[in-house]
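This report describes the fold, the strand pairing, the main pocket and selected residues of one protein chain. Please consult the sequence and the structure while reading.

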Amino acid sequence: PHIQEYLQYVVTGKVSGVRHFTNKIIDLVKPLFNRNRTIMQNENGENVDLYIPRKCSWTNRLIRAKDHGSVQINVANVDPVTGLYTGETTPFALSGYVRDKSEGDMALTALVEASDKKASATQE
């Protein structure tokens, strides 16, 4: 209904200047851009988005969806006393950039060593 009203203003010449007409158009279009953004959550409040971007564990860069050179490696957690697998893993994501620069092996080694130091410090 508002668009027909504005078109009548234009056709009949009842527009008192261009500024009046553009203000009317802005008032019409503004609610379309000020809509509340919806958050994809289920009834429990858990995030259910289809795509959640990962971050590289070494560089803290976002790993884009089209980065086909990126990998995620799950490293097993081992009990320090018995040396047996505890059934848990620690995930490390490496971007294609790190792997392209041939730094993936060094980065994974440093990340696992830092994770081991952190785990041993919390047990003491």
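The sections below proceed from the overall fold to individual residues.

## Overall architecture

The model is predicted. The chain comprises four helices and four strands, and along the sequence these elements follow the order α-α-β-β-β-β-α-α. The chain has 124 residues, of which buried residues account for 12%.

## The hairpin of E3 and E4

Strands E3 (71-78) and E4 (85-94) run antiparallel and are joined by seven bridges. Two of the bridge partnerships can be named. Isoleucine 73 is partnered by phenylalanine 92 in E4, and valine 78 has tyrosine 85 of E4 as its bridge partner. In a regular strand, the side chains alternate between the two faces of the sheet.

Six residues separate E3 from E4 in this hairpin. Within the turn, glycine 83 adopts a positive phi of about 80 degrees.

## The largest pocket

The largest pocket encloses about 360 Å³ of space. It is lined by 15 residues, and those closest to its centre are Asn77, Val78, Ser115, Asp116 and Ala119. Val78 therefore appears in two settings: among the residues closest to the pocket centre, and as the bridge partner of tyrosine 85.

Three elements, namely strand E3, strand E4 and helix H4 (104-123), each contribute at least two residues to the lining. Helix H4 gives the most, with six residues. By chemical class, the lining consists of seven nonpolar, six polar and two charged residues.

## The loop between E1 and E2

Serine 57 is located in the loop that connects strand E1 (54-55) with strand E2 (62-63). Is serine 57 buried, partly exposed or exposed? Its relative accessible area is 27%, so serine 57 is classed as partly exposed, the category between the buried limit of 20% and the exposed limit of 50%. Serine 57 also lies 5.8 Å from phenylalanine 92, C-alpha to C-alpha, although the two are 35 residues apart in sequence. Phenylalanine 92 is the E4 residue that forms the bridge with isoleucine 73.

Asparagine 60 occupies the loop between E1 and E2 as well. Its phi is positive, at about 65 degrees, although the residue is not a glycine. Most residues other than glycine have a negative phi. The relative accessibility of asparagine 60 is 53%, and because exposed means over 50%, this residue counts as exposed.

## The loop between H3 and H4

Serine 102 is situated in the loop between helix H3 (96-100) and H4. Serine 102 is not a glycine, yet it has a positive phi of about 60 degrees. With a relative accessible area of 69%, serine 102 is exposed, since this value is over the 50% limit.

## Aromatic residues

How many aromatic pairs does the structure hold? The number of aromatic pairs is zero. A contact between a charge and a ring is nevertheless present: arginine 61 lies over the face of tyrosine 97, at 4.1 Å from the ring centre.

Notes:
Residues numbered from 1 in each chain as written. Predicted model: local features only at pLDDT ≥ 70, side-chain atom pairs only at ≥ 80, totals over all residues. Heavy atoms only, no water. 1 Å grid on protein atoms, 1.4 Å probe; cavity = no way out; pocket = protein on both sides within 12 Å on 5 of 7 lines; lining within 4 Å. Points joined across faces, edges and corners; volume = space filled by probe spheres on them. Nonpolar A, V, L, I, M, F, W, Y, C, P; charged D, E, K, R; others polar. Pairing = 2+ DSSP bridges. Phe/Tyr/Trp six-rings, centres within 6.5 Å; stacked < 30°, edge-to-face > 60°. Lys NZ or Arg CZ within 6 Å of the ring centre and 35° of its normal. Buried < 20%, exposed > 50% of the residue type's maximum accessible area, 1.4 Å probe, protein only.
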